[in-house]
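This report goes through one structure, element by element. The sequence and the model come before the text.

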Amino acid sequence: MLLHIIRKELLDQLLNLRFAIACVVCLAVFLISSIVLTRDYRESMSTYNMNLVVHRNEVLQISEIWRLWQGLTVDRPLNAMNTLVKGVAPGLTESVKVQGGGRLDFAETYEQNPVKPLFPEVDFVFIVGIIMSLLALAFSYDAVSGERESGVFKLLMSYSVPRDTVLIGKWIGGYLALIAPFLVSFVVGLVVMALFPEVEPTLDNTLALIGLLLLALLYLAAVYSLGIFVSCRTEIASTSITVLLLVWVAFILAVPNMAPYITTQLLPVPSRESVDREKAEMQREGWRKMEQMMRDEQKRTGEENITWNKDNWSEEFRTEVEDAQKKLGEEVQKVEDSFTTRMQDQNRWAGIIARLSPLTSFNLAAFDLAAAGIEQERLFVEALKNYGQTWEEYSRQKRETFERYREERRKSGQGFDPQAMEQFNNLDLSDYPRMKFEYMSFRDRLGRVYVDILLLLLWNIVFFMFAYLSFLRYDIR
Amino acid sequence: MLWLVIKKEIIHNVLSFRFVVTYALLFCLILLAMLLMTSDYRDRFQEYNAAVNKERSRLDELKKIDDPSELFNEFQRTSFTGMREPRNLSILARGLEGELPNQVPGAGFMRFLSSEDRLGKNMLFEIFQTPDFVYVINIVMSLLALLFVFDAVCGEKEQGTLKLLMANSVPRDIVLIGKWIGGFVSIAVPFSVAVFGGFAFIYITGAMNSGEDGLTRFLLIFLLALVYISAFFTLGLMISTLAHRTSTALLISLLVWICWILVVPNMAPVVARLVAPVPGRQVIDAEKQAIDREAQLLMEGIRKRKVYGDQKEMEQIQRSAEKRKNKLEEFYQDKMQTQVAMSQNLARLSPSASFLFAATRLAGTGPVLSQQFQKARERFQEQHQSLRNDLMRTLYQSGRAEFNNGRMTVKDSDWFQPDDLPRFRMFAEDVTTSFNQGLFDVLLLVVFNVLFFMLAFLFFLRYDVT
């Protein structure tokens, strides 16, 4: 009997106008999106290769010792998953200046085509999250109430078929009809991508691709179950779609978009610039204090020639200055830590509020599965900092002889002679360490997304359970 | 009779379930959008003021240097920053406000951000769209307008009331106009109440500070929103006169909404990138660097070949390199202009894009903001550059500076007046210019209205009411 109901539901949907609409919309959107995103990727690949050569040559052309302090520019390797999911990174390619002491300089770029930022990027996440979710509602709003209105339901229930079988049959049949155009369009999109030899699939990315597909199916199942649930709660199909569209507007369009702004109001955090200003002010104040200490020391000892050269300092004064420096460092770090903690709190609560919508869970999980999410950004910055240390170490080794010479000159009381610097130039940096950055492995990505997957599963179970409970008491007359 | 039809339509709408639910949602969304965006604007404005004060105090610190020569050296070493003031009406339409840099360096193409800048922000802002007033109108109101009207004609046919209505001596045009007016009034009145409620909040909190100009712009955006809602309402009415079943009308309405709101405008920049590709900015910059390197190598060759070098030949090489770079930049800008124009024109196939372009133009936050920003940046950097370049010559020629053993000694500090330094100023259009520039999009919306109503009228004249 279950099979009969599934078949009937499937046929009903396939012969309906909405199926034709879904096929046309899905195919068109997936096709155009995959062509454009893959072309973008191909162009970015050539830009990345060009940047790589330019930046390598820049390093190899360094011959003067002073240029070692300027650091070098490294490029972010391309992520093939960006052909499906754009993610949070500012662009497909990015060049970052890495300097000693963990200092990183990210160029602040902005889109040159001013029309583009006005509209959201049409990638896999947008297509599934917004367009497909609306189609899922269009497929499910009249599953129960529509049949009741047309009188088919009364006829169906006159047979000896349990209500759970009817509901499950309807769910499966309708869901299959919904995902059929989606799957076909997805495969067409993949075929288009495969036509571009620049997109080289790796094992991690292939698994992530399957993961993305399953995630999309899970998300669509949750929205579809919501549609069935509302359909079971209403008696007229038009009421059902009204309620569903309002729920969709509230939970897909309003909640995720408003959540970060609401959290900003509830848990305000000072801006990055104001924290930097506060830190700079503290440092200035600290230096003023230390200058005063220096003047006091000069007065106390009567020696005017005490300078910032520690060799001339008394043990007591040295301890005093070091303590002041340590205290200043701790206070500055305290401000930074307080900002980080408050920002993390704000992010956490924004995530919690935004997750009231299944779209947020889907979006964040898709970003992480594609290694294009917030965690991947953090790891990239982390890797850059580590590389900064490696470069610092390498550069220190290259400067070793020069530093020794400078120290000797300083100790012997001789000033620095710029002419003598010449003998330390003509550097050979052909063995400089290259930055190796790899995107998260599939196992790590899964470790990040399981909470969102569980949340989507929960939405599925809750909506289906409610639908089942409502259907058991549904008045079919 | 017209009045009776209008009254019946209004009562029918007001008493319906969807009216209550829709307006509860609409009120919440519009008020919340205005409240959140007002706070967001205030934060950005405070940040702007703090940055301006910081820059000012840096200049005051410089002014305190007593030794004129030291002041001159410090001035040459200091890099100045220009601050971009947030646009007041970004409360209603954020547009490109969040996309453009808030600070501009006095020299160099871009500013650099630290790793703290990069990670120390709420990333969810990057993932989701800004829920401003224009977003709510553009996406939510268009859907609600369709939802209100999709069964205006076919729903009455299904219920049999249309047959009853047409049995009276009432012309079809009166019925259609009555339905349109009644339906539109029942959607426009509560919408207007919500909007003016939100405006009252903005006005009372003092967030709107551009005086009469701001009020005029707000009213124009409000009227534009009514024209836009009317376009979707008329479209829904047309679909209702085309279909004979409410379910069909609803599906067609949803399809049209998906295509016009989610697909066409969002795909337009994507398709424009396909049809009118532009080389990446990085590629252009790399090519410019290559031209510079080539010119340097040529000049190096001349220096080695001739003992004193050939100044004329070197200047020619420099001029030629500059010319090639300008040509490259022009090529890039031309290509970009073509792509931008194509993106806009393709997006205008949807009334959603026309509304967005016109509303952001009136708010001063649309694509024009990007142009104004680029011009202001170029002007600011040129002024700073020429100030630095001319300063030494001016001081020397006026006898306020002299060279001793290759070092420059400046005699007085009067040349440094913090108030006279170039500032980053973005010109804003006056309201008439904004309206004139946005008129094409407004007219497009009017054309959509007229077209849909004409089609609705044609379909309704032949509509089978039985």
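## An intermolecular sheet

In S3(B), B:Leu113 is the bridge partner of A:Phe106. The model is a predicted one. S3(A) and S3(B) run antiparallel and are joined by two bridges. The sheet to which they belong is open and has four strands, ordered S1(A)-S2(A)-S3(A)-S3(B), with antiparallel pairing. Strand S1 (72-75) of chain A and strand S3 (112-113) of chain B are at the edges with a single partner strand each, so one side of each has no neighbour in the sheet. Helix H2 (residues 17-60) of chain A packs on this sheet, where it touches S1 and S2 of chain A. The direction of H2 makes about 160° with that of S1(A).

Within chain A, four bridges link S1(A) to S2(A), and these strands run antiparallel. A:Thr73 has A:Lys97 in S2(A) as its bridge partner. Strand S2 (residues 95-99) of chain A is in turn joined by four bridges to strand S3 (residues 103-107) of chain A, again antiparallel. In that pairing A:Val96 stands opposite A:Phe106, and A:Val98 has A:Leu104 as its bridge partner. S2(A) and S3(A) form a hairpin with three residues between them. In the turn, A:Gly101 has a positive phi of about 75°.

Which side chains of S2(A) point to the buried face? They are A:Val96 and A:Val98, whereas A:Ser95, A:Lys97 and A:Gln99 point to the other face and are not buried. In a regular strand, side chains alternate between the two faces of the sheet. S3(A) also has two faces: A:Leu104 and A:Phe106 are on the covered one, and A:Arg103, A:Asp105 and A:Ala107 are on the uncovered one.

## Nonpolar cores

The largest nonpolar core has 203 residues, and A:Ala370 and B:Ile258 have the most contacts inside it. Helix H11 (residues 246-275) of chain B supplies the largest share of this core, 18 residues. Leaving out residues up to four places away in sequence, B:Ile258 touches A:Val25, A:Ile131, A:Leu134 and B:Val263. A second core, separate from that one, has 10 residues, including A:Val74, A:Val96, A:Leu104 and A:Tyr387. Of these, A:Val96 was met above on the buried face of S2(A), and A:Leu104 on the covered face of S3(A).

## Two bent helices of chain B

The table lists the lengths and bends of two helices.

| Helix | Residues | End-to-end C-alpha distance | Expected span | Bend |
|---|---|---|---|---|
| H15(B) | 367-397 (31 residues) | 45 Å | 45 Å | about 35°, centred on B:Asp390 |
| H16(B) | 431-461 (31 residues) | 42 Å | 45 Å | about 50° at B:Leu439 |

For H15(B), the span expected at 1.5 Å a residue agrees with the distance between its end C-alpha atoms. For H16(B), the reach is close to the expected value.

The buried residues of H15(B) are listed as B:Pro367, B:Val368, B:Leu369, B:Ser370, B:Phe373, B:Arg377, B:Phe380 and B:Gln381. They pack against strand S1 (81-83), strand S2 (103-105), helix H13 (311-347) and helix H14 (351-363) of chain B. B:Gly399 follows H15(B) and has a positive phi, near 80°.

In H16(B), the buried residues include B:Ser434, B:Gly438, B:Asp441, B:Val442 and B:Leu444. The aromatic residues B:Phe448, B:Phe452, B:Phe453 and B:Phe460 are also buried in H16(B), as is B:Ala456.

## Two buried aromatic residues

A:Phe464 lies in helix H13 (residues 442-472) of chain A. Why does A:Phe464 count as buried? There are 20 other C-beta atoms within 10 Å of its own, and the cut-off for a buried residue is 20 or more. A:Gly227 is 237 residues from A:Phe464 along the chain, yet their C-alpha atoms are separated by 9.7 Å.

B:Tyr228 is placed in helix H10 (residues 211-242) of chain B. It counts as buried, with 28 C-beta neighbours inside 10 Å. Neighbours within four places in sequence aside, B:Tyr228 is in contact with B:Ile137, B:Pro351, B:Phe355 and B:Leu445. B:Thr241 is 13 residues from B:Tyr228 in sequence, and their C-alpha atoms are 20 Å apart.

Definitions and conventions. Residues are numbered from 1 along each chain as its sequence is written. Chains are lettered from A and ligands numbered from 1 in the order in which they are written. This is a predicted model: local features need pLDDT of at least 70, side-chain atom pairs count only at pLDDT 80 or more; totals for chains, interfaces and linings use all residues. Two strands pair if DSSP finds at least two bridges between them. Two residues are in contact if their C-beta atoms, placed from the backbone, lie within 7 Å. Axes are lines fitted to C-alpha atoms, for helices over the stretch in contact, and angles run from 0 to 180 degrees between N-to-C directions. A residue is buried if 20 or more other C-beta atoms lie within 10 Å of its own, exposed if 12 or fewer, and partly exposed in between; C-beta atoms are placed from the backbone. A nonpolar core is a set of buried Ala, Val, Leu, Ile, Met, Phe, Trp, Tyr and Cys residues joined through C-beta atoms within 7 Å. The expected span of a helix is 1.5 Å times one less than its number of residues. The bend at a residue is the angle between axes fitted to the seven residues ending there and the seven starting there.
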